[in-house]
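Here is a short tour of the model you are about to see. Keep the sequence at hand while you read, and follow along in the viewer.

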Amino acid sequence: MTFPSQSEATTSSRGGGTGITAAVLALLGGLFHLVGVAGGAVLLAGDGDLGRSLLTFATHLLLAVALITGGVGLVLAKEFGRVATIIGAAAALVVYLLVLVLGAFGVYFLGLLDGDVPLVYLGVLCVPAIGTLVLACLPPTARWVRQGWS
């Protein structure tokens, strides 16, 4: 019985672990933002500030579409899935940072009402988005989408 050398084992890895993990994180992020879409719809129905309600609804909708499309594409081992996941996770990070910066100036959106921006909440959101972005950008994930399931 022969065992592959370390270099053979490293080069033969197809990256399914990073690709599938990135896909799961993207799908979970997409589901989170789908809940935000529902919340944005509720804000549209009852909030007096139409601009904030539309911004919340549209932001959650775009992030949900990008992350769910990316997650499904990664599960299917398609390049569009990797690209959509990278775009969705990066956009989510930008939105979370905008919530923080604009909240400091008294501009609240993404379902937050007037008051303090919960830093712990934003921190909790950023961790999976960063993980998704890093995993989707890794070379093993690129190998995963090139080689697919076979």
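## Cysteines

In this predicted model, a search for disulfides comes back with zero. A disulfide is a covalent bond that links the sulfur atoms of two cysteines.

Two cysteines are worth a look in the viewer. Cys 126 is buried, at a relative accessible area of 17%. Cys 137, on the other hand, has 40% relative accessibility and counts as partly exposed.

## Overall fold

If you step back to the whole chain, you will find six helices and zero strands. Reading from the N terminus, the order of elements is α-α-α-α-α-α.

How much of the protein is buried? Of its 150 residues, 37% fall in that class. The accessible surface adds up to about 8200 Å², and carbon and sulfur atoms account for 76% of this area. As for how the chain meets itself, take the contacts between residues at least 6 apart in sequence: 70% of them join residues at least 24 apart.

## Annotated transmembrane regions

An unreviewed UniProt entry carries the annotation "transmembrane region" for residues 20-45, 57-77, 89-113 and 119-138. It is handy to set two of these spans against the model.

Residues 57-77 are 90% helix and 0% strand, with 30 Å between the C-alpha atoms at the two ends. For residues 119-138, the figures are 95% helix and 0% strand, and the end C-alpha atoms lie 28 Å apart.

## The salt bridge in helix 4

How many salt bridges does the whole structure hold? The search finds one. It joins the side chains of Arg 82 and Glu 79, with an N to O distance of 3.6 Å. As general background, side chains of opposite charge can pair when their charged atoms come close.

Where do the two partners sit relative to each other? Both belong to helix 4, and because they are three residues apart there, about one helical turn separates Arg 82 from Glu 79. Their surroundings can be compared with the accessibility values. Arg 82 counts as buried because its relative accessibility is 14%, under the 20% cut-off. Glu 79 is partly exposed, with a relative accessible area of 39%.

## A nonpolar patch on the surface

On the surface, you can pick out a nonpolar patch of about 600 Å². Its members are Leu 97, Leu 100, Val 101, Phe 105, Val 107 and Leu 119.

Which element gives the largest share of the patch? That is helix 4, residues 79-104, which supplies three residues. Leu 97 is located in this helix.

## The loop between helices 3 and 4

Now go to the loop that joins helix 3 (50-75) to helix 4, where you will find Ala 77. Its backbone deserves a closer look: Ala 77 has a phi near 60°, which is a positive value in a residue other than glycine. Is Ala 77 buried or exposed? With 5% relative accessibility, Ala 77 counts as buried.

Leu 76 is in this loop between helix 3 and helix 4 too. Its relative accessible area is 48%, so Leu 76 is partly exposed. Although their positions lie 68 residues apart along the chain, Leu 76 and Trp 144 have C-alpha atoms separated by 9.8 Å.

## Pairs brought together from afar in sequence

Another pair to select is Ala 142 and Leu 74, which are 68 residues apart in sequence and 10.0 Å apart in space, C-alpha to C-alpha. Ala 142 belongs to helix 6, residues 139-147. Its relative accessible area of 12% makes Ala 142 buried.

Tyr 96 takes part in two further pairs, with Gly 123 and with Tyr 121. Gly 123 is in helix 5, residues 119-137, and is partly exposed at a relative accessible area of 32%. From Gly 123 to Tyr 96 the C-alpha distance is 8.8 Å, across 27 residues of sequence. Tyr 121 is likewise found in helix 5, and its relative accessible area of 36% makes it partly exposed. Between Tyr 121 and Tyr 96, the sequence separation is 25 residues and the C-alpha distance is 9.9 Å.

Key. Residues are numbered from 1 along each chain as its sequence is written. This is a predicted model: local features need pLDDT of at least 70, side-chain atom pairs count only at pLDDT 80 or more; totals for chains, interfaces and linings use all residues. Side-chain values use heavy atoms; hydrogens and water are left out. UniProt positions are given in the numbering used here, feature names are shortened, and annotations may be inferred rather than shown by experiment. Helices (H or I, at least four residues) and strands (E, at least two) are DSSP runs, numbered from the N terminus. Patches are made of residues with over 30% relative accessible area and no salt bridge: like charges are joined within 9 Å, nonpolar side chains (Val, Leu, Ile, Met, Phe, Trp, Tyr) within 5 Å. Accessible areas come from the Shrake-Rupley method with a 1.4 Å probe; for residues, only the protein chains shown count as cover. A salt bridge is a side-chain nitrogen of Lys or Arg within 4 Å of a carboxyl oxygen of Asp or Glu. Buried means under 20% relative accessible area, exposed over 50%, partly exposed in between (1.4 Å probe, protein chains only). Contact means heavy atoms within 4.5 Å. A disulfide is a pair of cysteine sulfur atoms within 2.5 Å.
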